[in-house]
Amino acid sequence: QDTATGGFRNSDPDAPVEVTSDRLDLARAEGTALFTGNVLAIQGDMRLTAQWVLVEYVLNPDGTLGDDIDTITAREDVLLVTPEEAAEGDEAIYTPQTNTVVMTGNVLLTQGGNTVAGDRLVVDMETGLGEVQGRVRTVLQPATEDQ
Amino acid sequence: CGFTPVYAPGSTGAALDGTVEVVQSGGSLGFTLTEALQDRLGAPGSNARYRLTTVLGVTSERVAITTAQSTNRFNLIGTVAYTLADAATGQPAATGRVDGFNSYSAIGTALATGAAEEDAYERLMVILADKIVADLLVAPELAR
Amino acid sequence: QDTAATAGPQEVTAIVADVVRIDGNERLVATGNVEVFSRGTRLRAQSVTYDRAADRVQIGGPIELRDADGTIVLADQAELDSELTEGILRGARLVLDGRLQVAGAEMARRQDRFNDLRQVAASSCKVCETGETPLWEIRASRVIHDQDAGQVYFYNARFRIAGVPVFYLPALRVPDGTDPRVRGFLAPSVRNTTELGTGVKLPYFIPLGDHADVTLTPYITENQSRTLEGRFRRAFVNGDILAEGAVSRDTLEPGSNRGYLFVNGSFAIPRDFTFTFNLETTSDKPYLRDYDYSDKDRLDSSVALSRVRSGERIEGALTFYNSLRADRDDDDEPTLVGDARWNRRVQAPGPGGWVDLDLIGHFHQRESTEDIVGRDMAQIRGRAGWRQRWTGPGGLRFSARAELTADLKQITDDSRFESTQAGLWPQGAVTLSWPLIRPSADGGHQLLEPVLQVAHSADTGIDTANDDSTQVALDTGNLFAFNRFPGLDRTETGTRANVALRWSIVDPKGVAIRLTGGRVYRQSGRGQFSQESGLSGAESDWLAQIDLDITDTLNFRTLALLDDDLDLSLYEARLFLRGPFGSLLTSNYIWQAADTAAELNDDVSELAASASVPVTRSWSARGELRRDFTVGRTNYSGLGVAYQNECIRVDLSVARRFRATSDVDATTTYGLSVELAGFGTQGRAATPGRCKN
């Protein structure tokens, strides 16, 4: 059942991540880039918007800045959108190597008319499988209406 | 011998003398009970400090039943739940419940039995009123 | 819960769970304390898988589904549409009326209306371990529950008691308890009396719209007595009507139609008046008692008007009497009686106290017009009264009372008396009482109150026969009354002193004794009362009223009249005793000396007692006894045993009574009623069952 068509799939985890924002503070020593103000990050057909995004790069053993991203952490009005789903929450952490997103705090996931609200969302971008935890409230839209 | 007058100045009796408005409730019998209570508590004039409300219940029971299964006497059993409340604040000052019974003969003609029944109900209201007033005069809550 | 904006809150299905997993192709798996809400239906389960494309829901049990109308379905596993109205439940149990469990291997839900079960076992008895046979159950090949109509249809129903098949019905329809006014049979009862033999009563209820209904109860007995009982009820905006009656043909009065009809209604009419009417008629005198419909010995049909407000009462009634007593004949009794009264009370200005104004009207007629025997009377009485009460020195209580009464009386068909007479007479009384109290150290108290009243009533100036004042009574209710005659034909006159002593001892632990004693000393008018009434002569009988209360476990009330040498002329006692385990005993006793003037030819000495004892959680017993010591016969004795648990109420009763003086042997009545809980019997709260493990 993993040959799913929709779901939170990130078909190309290695695609370049393009990030735009009002302000950027680069700290090469720590290997971090802090984007603040209407931040928009796009990778393939996946888009992430927030007010505050911190990108941490992998540090090479010799201390120089690697070009792989370790984690992207987003806060304040975080919204993650794929062609079929959208998820919003207080904080989201995307780890490209494991291709997983963990979103916490007032999570609201909408999937084709169904909305799922909970405290924590873990999405495996490989399989598109998402799991919401906490006292999860789901609202199902009658399928007939939106076909 | 330790007895003091209930209506001595400053006592409960004096506190209730002519200061209680009896609220009419409960149809024709309630009217009779209200009058009996008013006879005992006096006319409050316009400065009623207390309001007395009553909930009356009466049942009738066949008693002396002849071998021909006719009923020669009926018992009337009355119960009253009363509440004496402060007229201004509505706070209950004394509550309680009394019961009493009497009887009337049903031997004579239907007319005489009807008159005896009506008279028995009115007497029962006097018995209940006496008991309510006796309770109020010694109500601990009022004595303070 | 923030529901999506596109669909209204009702059409949407919501799921709440601990964990919800979403996979790619629109499947959603909720697990852990799952609750599903859809259009008023609520479902609880362990896991719910929702497939959006197919709009189907797979549910893992244990499942509990509650519909908006209260229907409950339990199941192990189910597959339904997202609105939970269509689909199959396995290992399903339909719970009706909160009690009746209809279990089936499989249940189909269709069109949000039908629950269709197969291989059904239905019972409201609690089954502790699976496989245990319930006290009663109904097996059926198929059961269809129509939620809209509120009906449950059993097909090939086999009724079993303790596992033993008792009877078979190809089809059985039963209300599901949601609508209390559903047409159908009510619980049957079996009855056996010596005259009528064993009979069955099977009531059938027919609702007529929302405001009326009819209950018809055929009652067939083995002695070829056939009866149809009926009850009709109709509610209006401002009142209601109740009619009860029955028609019988039996061997007691062969060849004649027997029956009775009681109709009564009361209506609120404009200007705060209440109008009531009451019709009571029966085909023959013993009928009501033969069938235990009523123990009245007088039927009174009447129309009446009444309005009672603060300080004012207005009443009027026209009554037609019909005596059923075997020991009286009717023609010397007045059969048509009319009464009206207007009472008004206001506070007296100036000296204070109360002013009472009364206007009383009355007439009574006898059918015959013969002299004396056919006497008719009519009267108008006007009365004005004033009373006031003061507190004197030392807590002495004074009260004064004055009254002026005017009578206009008309007597027809009785040559012994003037046909029209008028009278005007004053009466007055002064009362002195001195209530005293002695509080005791432990919070209790004693109350002592001597009372002395001196009263005088002038002669009425009216000479009339005595129709309505033949039954005179004396108790603490009229010890200080102006007129101890109950009716209008006699009025107490002369000078008399009424004396009483009230003494009560109350202790804080709830034990209280209240005594009242009194007597009437008569200076003039000593002959106006009959000797046996206790009020005749210079000194009346001693009057005593004693109450004993021990918290709320024992209430003993007694009143007595004792003559000069302390012989009882009337003694009555009532006892209420609350025993252990919630058992109750109520009893009353009466002793009355013969009073030929009041047509009482021999002493009355009779004890009545009834007790109810809860034996165990389910079993309870009750007994009733009425013993006439003068005749030395137990007029009535009855025993009852009831078994009640969460699913059945069985009531078995036996009563033995004498019906008429001439009866040599008593008649015995057996009664059995069985009521199955869960068939619309919410009125009877069945005790919930408990498993012993």
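Start by selecting Lys131(B) and Asp547(C): the two form a salt bridge, with their closest N and O atoms 2.3 Å apart. This is a predicted model, so treat every distance on this tour as computed from it.

**Stop 1: the bridge between chains**

Colour by chain. Lys131(B) sits in helix α3 of chain B, while Asp547(C) sits in strand β32 (residues 542-550) of chain C, so this pair joins two chains. Are the two partners buried or exposed? Both Lys131(B) and Asp547(C) are buried. Side chains of opposite charge can pair when their charged atoms come close.

Now widen the view to whole chains. Two pairs of chains touch, and the pair with the most contacts is B and C. Chains A and B do not touch. Their nearest C-alpha atoms are 47 Å apart.

**Stop 2: the helices of chain B**

Select residues 110-137 of chain B. This is helix α3, with 28 residues. From first C-alpha to last it reaches 41 Å, close to the 40 Å expected at 1.5 Å a residue. How many of the residues of α3(B) are buried? The count is 23 of 28, leaving the helix mostly covered.

Move to residues 27-41 of chain B, which make up helix α2. Its 15 residues reach 21 Å between the end C-alpha atoms, close to the expected 21 Å. Of those 15 residues, 13 are buried, so α2(B) is largely enclosed by the rest of the structure. Step just past the end of α2(B) to Gly42(B), which takes a positive phi of about 80 degrees.

**Stop 3: the nonpolar cores**

Select Val20(C), Leu43(C), Ile59(C), Val102(C), Trp136(C) and Phe154(C). These have the most contacts inside the largest nonpolar core, which has 72 residues. A second, separate core has 36 residues, including Val20(B), Leu33(B), Leu136(B) and Val138(B).

Centre on Val102(C). Which residues does Val102(C) contact, leaving aside neighbours within four places in sequence? They are Ala92(C), Arg93(C), Leu94(C), Leu96(C), Leu117(C), Val120(C), Ala121(C), Ala122(C) and Val143(C).

**Stop 4: more charged pairs**

Over all chains, the structure holds 69 salt bridges. Pick Arg110(C) and Asp116(C), whose side chains meet in one of them, at 2.7 Å from N to O. The partners differ in cover: Arg110(C) is partly exposed at 31% relative accessible area, whereas Asp116(C) is buried at 3%.

Next, show the side chains of Arg135(A), Asp18(C), Glu35(C), Arg42(C), Arg44(C), Glu64(C) and Arg66(C). Salt bridges with shared partners join these residues into one network.

**Stop 5: chain A**

Isolate chain A. What elements does chain A hold? It has 1 helix and 9 strands. Reading from the N terminus, the nine β elements come before the α element. Of its 147 residues, 43% are buried. Among contacts in chain A with a separation of 6 or more, 37% are between residues 24 or more positions apart. The chain exposes about 7200 Å², of which carbon and sulfur atoms supply 51%.

Select Glu91(A) and Arg75(A). They form a salt bridge, with the closest N and O atoms 2.7 Å apart. Glu91(A) lies in strand β6 (residues 85-95) and Arg75(A) in strand β5 (residues 65-81), 16 residues apart, and the pair links distant parts of the chain. Arg75(A) is partly exposed, at 35% relative accessible area.

**Stop 6: the surface of chain C**

Switch to a surface view. Select Phe185(C), Val190(C), Val200(C), Leu202(C), Val613(C), Val615(C), Trp619(C), Val641(C), Leu652(C), Leu672(C) and Val674(C). Together they form a nonpolar surface patch with about 900 Å² of accessible area. Zoom in on Val641(C), in strand β38 (residues 633-644). Val641(C) is partly exposed, at 36% relative accessible area.

Finish at Ser612(C), in strand β36 (residues 604-614) of chain C. Ser612(C) counts as partly exposed, at 30% relative accessibility. Beyond residues up to four places away in sequence, Ser612(C) touches Gly582(C), Ser583(C), Leu584(C), Ala621(C) and Arg622(C). For a last distance label, add His364(C): its C-alpha atom and that of Ser612(C) are separated by 45 Å, with their positions 248 residues apart along the chain.

Note on methods: Residues are numbered from 1 along each chain as its sequence is written. Chains are lettered from A and ligands numbered from 1 in the order in which they are written. This is a predicted model: local features need pLDDT of at least 70, side-chain atom pairs count only at pLDDT 80 or more; totals for chains, interfaces and linings use all residues. Side-chain values use heavy atoms; hydrogens and water are left out. Patches are made of residues with over 30% relative accessible area and no salt bridge: like charges are joined within 9 Å, nonpolar side chains (Val, Leu, Ile, Met, Phe, Trp, Tyr) within 5 Å. Accessible areas come from the Shrake-Rupley method with a 1.4 Å probe; for residues, only the protein chains shown count as cover. A salt bridge is a side-chain nitrogen of Lys or Arg within 4 Å of a carboxyl oxygen of Asp or Glu. Helices (H or I, at least four residues) and strands (E, at least two) are DSSP runs, numbered from the N terminus. Buried means under 20% relative accessible area, exposed over 50%, partly exposed in between (1.4 Å probe, protein chains only). A nonpolar core is a set of buried Ala, Val, Leu, Ile, Met, Phe, Trp, Tyr and Cys residues joined through side-chain atoms within 4.5 Å. Contact means heavy atoms within 4.5 Å. The expected span of a helix is 1.5 Å times one less than its number of residues.
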